[in-house]
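Let's take a walk through this one together. Have the viewer open and follow along as we go.

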Amino acid sequence: MDEAAGSPVGIGAGEAALVTRPAARVRVNGRDVPGGLRVMRDRDEIRIGRERFFFSTRDPLVVEPYPEEPVTCPRCTTKLLAGTPAVRCRCGAWFHQAADLECFTYGDTCPLCLASTVLEEEPWHPALL
Ligand SMILES: [Zn+2]
Ligand SMILES: [Zn+2]
């Protein structure tokens, strides 16, 4: 995002506010931002000049080291050990996701909740800024 236009500020679980500068031409869902402060909701559209962003409060699907006690991977039914590259589905289930063991993306959907297993490239989320 353009620094001069404003910046998202986390204000609590699943919520964020967008703070804009008076001179910035920022619109949310096609409207001006009165007072330069706007609490964002999931899937709000942000326009800055000609650029367009979507705000999302959903956790991104990303590969990260598995942080907890060993569990059984629902896809391959072998143990998922702490530190192993893994993806947590939005249903909470953890899967292996290493170059030689792509359990999460092995199928198009999670075997438990049937959500899409497409990993996000560059999710735009306040927690990552
Ligand atoms: Zn697995
Ligand atoms: Zn799932």
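Leaving aside its neighbours within four places in sequence, which residues is L81 in contact with? Keep in mind that we're looking at a predicted model here. The residues to pick out are Y66 and P70. P70 sits eleven residues from L81 along the sequence, yet their C-alpha atoms are 4.7 Å apart in space. As for where L81 lives, look in the loop that links β10 (79-80) to β11. Is L81 buried, exposed or partly exposed? It has 14 other C-beta atoms within 10 Å, so it counts as partly exposed; being buried would take 20 or more.

Now zoom out to the whole chain. You'll find twelve strands and zero helices, so to speak a plain run of β after β from the N terminus on. Of the 129 residues, 20% count as buried. Contacts at a separation of 6 or more are another handy thing to check: 27% of them come from residues 24 or more positions apart.

Next, the sheet. Three strands make up an open sheet, ordered β8-β11-β12, with antiparallel pairing. β8 (63-65) and β12 (94-96) are at the edges; each has a single partner strand, so each has one side left without a neighbour in the sheet. Going from one strand to the next, the twist averages 45°. Take the pairing of β8 with β11 (residues 85-88) in particular: the two run antiparallel and are joined by three bridges. If you'd like one pair to click on, P65 has P85 in β11 as its bridge partner.

That brings us to the nonpolar residues. In soluble globular proteins, nonpolar side chains tend to be buried together. Here, the largest nonpolar core contains 13 residues. Those with the most contacts inside this core are L80, A86, V87, C89, A93, W94 and F95. Two strands we've already met turn up again, since β11 and β12 each supply at least two residues of the core.

Finally, pick C89 from that list and see what it touches. Not counting residues up to four places away in sequence, C89 is in contact with F95, C110, C113 and A115. F95, like C89, is one of the core residues with the most contacts inside it, and F95 falls within β12 (94-96), one of the edge strands of the sheet.

Terms used: Residues numbered from 1 in each chain as written. Chains lettered and ligands numbered in written order. Predicted model: local features only at pLDDT ≥ 70, side-chain atom pairs only at ≥ 80, totals over all residues. Helix = DSSP H or I, 4+ residues; strand = E, 2+ residues; numbered from the N terminus. Buried ≥ 20, exposed ≤ 12 C-beta atoms within 10 Å, placed from the backbone. Contact = placed C-beta atoms within 7 Å. Pairing = 2+ DSSP bridges. Axes fitted to C-alpha atoms, helices over the stretch in contact; angles between N-to-C directions. Core = buried A, V, L, I, M, F, W, Y, C linked by C-beta atoms within 7 Å.
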